[in-house]
Amino acid sequence: MPVYDAGIGIGICKHCIKEVYHLVETHDISVADVKRLDFDDSLQELLKKNKPHIIKQYLDGYIIEQERAKKIISVAVYNHYKRMKYDAEHSDGEEIEKSNVIMIGPSGCGKTALLSHLSRLLGIPFAVTDASSLTEAGFVGSDVEVAVRNLYYAADQDIAKAEHGIIYLDEFDKIARKSGANNSITADPGHEGVQQSLLKMLEGSVVEFTARGQRKHPEAPTIKVDTKHILFIVGGAFVGIDKIINKRLHEDDVSIGFGAEAQGKLDRDKFNEIIHKVRPEDLMEYGIIPEIIGRLPVICTLHDLDEEALLRILTEPKNAPIKQYKKLLQMDNVELVFEDAALRAVAKQAIERKTGARSLKGIIEDTMLDIMFDIPQSDEPRRVTITAECIEKGVRPKIEKIKKVRLGDSDE
């Protein structure tokens, strides 16, 4: 029975402790098991707060355009956690299969950003692993288990949390078979072998790995994580898949002579039109093995971003780069002004670099470096104006003294 100790507080007697220990030992209950049950109990609340339209509305605040992709991801995630709830409430042997996702889109179109904000909304662990660094067991490089290990550490080494997280395998197109669908004889350990190694993990299996930094040997202690409820999302630029789609769409057209359609690089408008028409057979032609495609039933495509979209990314999202730099300089009593022509110059440079939104902040950082180095030398109110010449020619930004820093949209 419970006892009270004035120096400690509420306690329990040794008999109760023995009973609890016997119960745990008899039913083989671990701390991770208890946490899994707690998560199962919270699924209803998670689903209630994160219906597809709510998820998309949240993503709209951070991701410009990509409306179709945001809808696909919102539905896929909602259904994934509904599947967990069904499994927790039913023991009739019937299961709803996992709906892992494959994301296809050019560099800098928002794949990683979309998933990062999604995990923040859901409050679940999220880990990104570069698939191009993975190799088949026995070869130099990282084993596929490293993806689960990264999630384990993203979950603060909490197994129960990791088992309900999201793993994003980036650069997935880099592990496509080199010879595409016709590579059935040639050994390809760095590509097809990795895909084969990922099969069980994507479907749902217990993955065993050593702690970070430890060498893998028979006597090394291991950590076990069940991937049954981990949502796997793989993504990549899949450079050249537009040609495969275009070829399939026009396979009945005239292929020789003056009426033949040029099969060169498609322009942005044409690319954005056909990328959403990708099918599993196109991925097989690209070099993804059929077994992997079967475990990635949801295909999410993202289109290339034009200059206008990049301009919006600079200023509209809640975490827009311009808003971030304005807040940083406000802390030094400085008002930052970006002229419209300067913003457009940044967007044009990003397009020239062919890196999409990924390079926007880097371009601004290059322009702002000297200013951010010199500004803290004084506390007097000033205004810094960035012009197109600052971006294009490296001209020093205009600095002028003012009476008071005006707070604009940077403090939203």
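The questions and answers below concern a predicted model of a protein.

Reader: How many helices and strands does the protein have?
Author: Before turning to single elements, it helps to have the whole chain in view, and buried residues make up 44% of its 412 residues. As for secondary structure, the protein has 17 helices and 12 strands.

Reader: Of the contacts in the protein with a separation of 6 or more, what percentage is between residues 24 or more positions apart?
Author: Here one counts contacts whose partners have a separation of 6 or more, and then asks for the part made by residues 24 or more positions apart. In this protein that part comes to 70%.

Reader: What share of the area that the protein exposes is supplied by carbon and sulfur atoms?
Author: The area to be divided up is the one that the protein exposes, which is about 22500 Å². Of this area, carbon and sulfur atoms supply 52%.

Reader: Are H3 and H4 parallel or oblique to each other?
Author: Helix H3, residues 52-60, and helix H4, residues 67-89, pack with their axes 8 Å apart and at an angle of about 135°. Angles from 65 to 115 degrees would count as roughly perpendicular and those over 145 as roughly antiparallel. The angle found here falls in neither group, and the two helices are therefore oblique.

Reader: Which residues of H4 make the contact with H3, and how many of the residues in this contact are charged?
Author: H3 passes H4 in a right-handed crossing. On the H3 side the contact is made by Pro52, Ile55, Lys56, Leu59 and Asp60, and on the H4 side by Glu67, Lys70, Lys71, Ser74, Val75, Val77 and Tyr78. Sorted by class, the contact has six nonpolar residues and one polar residue, and the number of charged residues is five.

Reader: How many nonpolar residues are in the contact of H4 with H5?
Author: H4 and helix H5, residues 111-122, pack at an angle of about 40°, with 12 Å between their axes. The contact is made by Ala69, Lys70, Ile73, Val77 and Tyr81 of H4 together with Leu114, Leu115, Leu118 and Leu122 of H5. By class there are no polar residues and one charged residue in this contact, while the nonpolar residues number eight.

Reader: Is Gln195 buried or exposed?
Author: Gln195 lies in helix H8, residues 192-203. Beyond its neighbours within four places in sequence, Gln195 is in contact with several residues, among them Ile175, Arg177, Gly287 and Ile292. A residue under 20% relative accessible area counts as buried. Because the relative accessibility of Gln195 is 0%, this residue counts as buried.

Key
Residues numbered from 1 in each chain as written. Predicted model: local features only at pLDDT ≥ 70, side-chain atom pairs only at ≥ 80, totals over all residues. Heavy atoms only, no water. Axes fitted to C-alpha atoms, helices over the stretch in contact; angles between N-to-C directions. Helix = DSSP H or I, 4+ residues; strand = E, 2+ residues; numbered from the N terminus. Parallel < 35°, antiparallel > 145°, perpendicular 65-115°, else oblique. Left-handed = near helix turned anticlockwise from the far one by under 90°. Contact = heavy atoms within 4.5 Å. Nonpolar A, V, L, I, M, F, W, Y, C, P; charged D, E, K, R; others polar. Buried < 20%, exposed > 50% of the residue type's maximum accessible area, 1.4 Å probe, protein only. Areas by Shrake-Rupley, 256 points an atom, 1.4 Å probe, with all protein chains shown as cover.
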